[in-house]
Amino acid sequence: MKAYIKAKNPGVPQSVLDMVPLYLSEGKAEGVRGDIAFAQSCLETGNFTFSGSAVTLSQNNFCGMGVTSNGMKGNSFDTPQLGIRAQVQHLKAYASTDALKNACIDPRFKYVTRGCAEYVEWLGQKENPNGKGWAAGAGYGEKILSILKGILGTAGGASKPAPAETEIWYRVRKSWADASSQKGAFKSLENAKKCADENPGHSVFDVNGVNIYTPKTASFSPYLVRVSIPDLNIRKGPGTGYAKTGKYTGVGTFTIVEEADGKGASKWGLLKSYQEKHNGWVSLDFVERV
């Protein structure tokens, strides 16, 4: 973290370098990642240059807290540690409903809908499925994660962020075509899977709209279906919005290992032979259950 900020801002005050460990200790106390809080501070303060920022270094406010409109000065804190503690507490308010470990000094804690932004990606109101979040600007959470990647890729002051073209978003929806059902967009596949697990009927789709994860339901048992037509299309996902594989089931009996809702049919079924890659779906309107 120190190497990153020195590389980004060679003139960074020693007082800023001295307070870097506080992000880790205050974050640990509340179960919030200190490096993410620090990345947010880098974003909000222009890498602690405070250029164009509504707050100043002397306010010990490193996250723009209290700057709710143009021209507002924001909150001030007596020491850097208290300013960082308030920031960490505010992040925890968004991240969970757990009680604070330290006494609350965040003056805006009470205004947060607890647990409304479990993921960094949801800190931006435009990316938050409920329209709540820390900031209104587009891609706010993505910017924090981009800085975090720079921090994690820093060695000896040389920042090595991942190339932008390699970054991938994973979206959680009922179907790719049903954009209105989206619960969130994630850089982390694990976070996307967790979100899908917590929202029945939702799956994880990659940037090309391919369903790459659907939570398994304990109540579902594979079953056999009989296909009586020779040209039942196999699609890459559950819905006519997905591309055809170019193959047909042919006439015969097949095992369905999963069901899903999707455009163009009352229900779609995943064929057992495509289970591993999750990319072989047929309309169950054209089959007969055995």
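This section describes the cores, helices, strands, aromatic pairs and cysteines of a predicted model.

The largest nonpolar core holds 52 residues. Within this core, Tyr-23, Phe-38, Phe-48, Leu-123 and Trp-134 touch the most other members. Several elements give two or more residues to the core. They are helix H1 (2–8), helix H2 (14–30), helix H3 (34–45), helix H4 (80–95), helix H5 (140–152), strand E1 (170–173) and helix H6 (189–197). A second core is separate and has 17 residues. Tyr-223, Leu-232, Ala-260 and Val-282 are among them.

Trp-134 was examined with its neighbours within four places in sequence left aside. Its contacts are then Gln-40, Glu-44, Cys-63, Gln-87, His-90, Leu-91, Tyr-94, Leu-123, Gln-125 and Tyr-140. Of these, Leu-123 is also listed with Trp-134 among the core residues that touch the most other members.

Helix H3 contains 12 residues. The distance from its first C-alpha to its last is 16 Å, close to the 16 Å expected at 1.5 Å a residue. In H3, 10 of the 12 residues are buried, so the helix is largely enclosed by the rest of the structure. The buried positions are Gly-34, Asp-35, Ile-36, Ala-37, Phe-38, Ala-39, Gln-40, Ser-41, Cys-42 and Thr-45. Their packing partners are H1, H2, H4 and H5. Just after H3 comes Gly-46, with a positive phi of about 65°.

Helix H4 has 16 residues. At 1.5 Å a residue it should span 22 Å, and its end C-alpha atoms are 22 Å apart, which agrees. The buried residues of H4 are Gly-83, Ile-84, Ala-86, Gln-87, Val-88, Gln-89, His-90, Leu-91, Lys-92, Ala-93 and Tyr-94. These residues pack against H2 and H3. Gln-87, His-90, Leu-91 and Tyr-94 are in contact with Trp-134.

Aromatic pairs number 9 in the structure. In one of them, the ring centres of Phe-38 and Phe-48 are 5.9 Å apart and the planes lie at 25°, so the pair is stacked. Phe-38 belongs to helix H3 and Phe-48 to the loop between H3 and H4, so this pair ties together parts that are 10 residues apart in sequence. Both Phe-38 and Phe-48 are buried. Phe-48 also pairs with Phe-62. Here the centres are 6.0 Å apart and the planes make an angle of 50°, a tilted arrangement. Both Phe-48 and Phe-62 lie in the loop between H3 and H4, 14 residues apart. The relative accessibility of Phe-48 is 3%, and this residue counts as buried. Phe-62 is at 0% and also counts as buried. Tyr-23, Phe-38, Phe-48, Phe-50 and Phe-62 form one aromatic cluster. Tyr-23, Phe-38 and Phe-48 from this cluster are also among the core residues that touch the most other members.

Strand E1 pairs with two strands. It runs antiparallel to strand E2 (residues 184–186), joined by 3 bridges. One bridge sets Arg-171 against Ala-185 in E2. E1 also pairs with strand E3 (residues 203–205), again antiparallel and over 3 bridges. In this pairing Arg-173 stands opposite Ser-203.

Tyr-170 lies in E1. Its relative accessible area is 16%, and the residue is buried. Tyr-170 and Gly-184 are 14 residues apart in sequence, with a C-alpha to C-alpha distance of 8.4 Å. With neighbours within four places in sequence left aside, Tyr-170 is in contact with Gly-184, Ala-185, Phe-186, Lys-187, Ser-188, Leu-189, Ala-192, Val-204, Phe-205, Asp-206 and Ile-212. Gly-184, Ala-185 and Phe-186 fall within E2, while Val-204 and Phe-205 fall within E3. Leu-189 and Ala-192 fall within H6.

The disulfide count is 0. For Cys-104, the closest cysteine sulfur is that of Cys-63, 13 Å away and too far for a bond. Cys-104 is partly exposed, at a relative accessible area of 44%. Cys-116 is likewise in no disulfide. Its nearest cysteine sulfur is in Cys-195, at 14 Å. Cys-116 counts as buried, with a relative accessibility of 8%.

Key
Residues numbered from 1 in each chain as written. Predicted model: local features only at pLDDT ≥ 70, side-chain atom pairs only at ≥ 80, totals over all residues. Heavy atoms only, no water. Core = buried A, V, L, I, M, F, W, Y, C linked by side-chain atoms within 4.5 Å. Buried < 20%, exposed > 50% of the residue type's maximum accessible area, 1.4 Å probe, protein only. Helix = DSSP H or I, 4+ residues; strand = E, 2+ residues; numbered from the N terminus. Contact = heavy atoms within 4.5 Å. Pairing = 2+ DSSP bridges. Expected span 1.5 Å × (residues − 1). Disulfide = S-S within 2.5 Å. Phe/Tyr/Trp six-rings, centres within 6.5 Å; stacked < 30°, edge-to-face > 60°.
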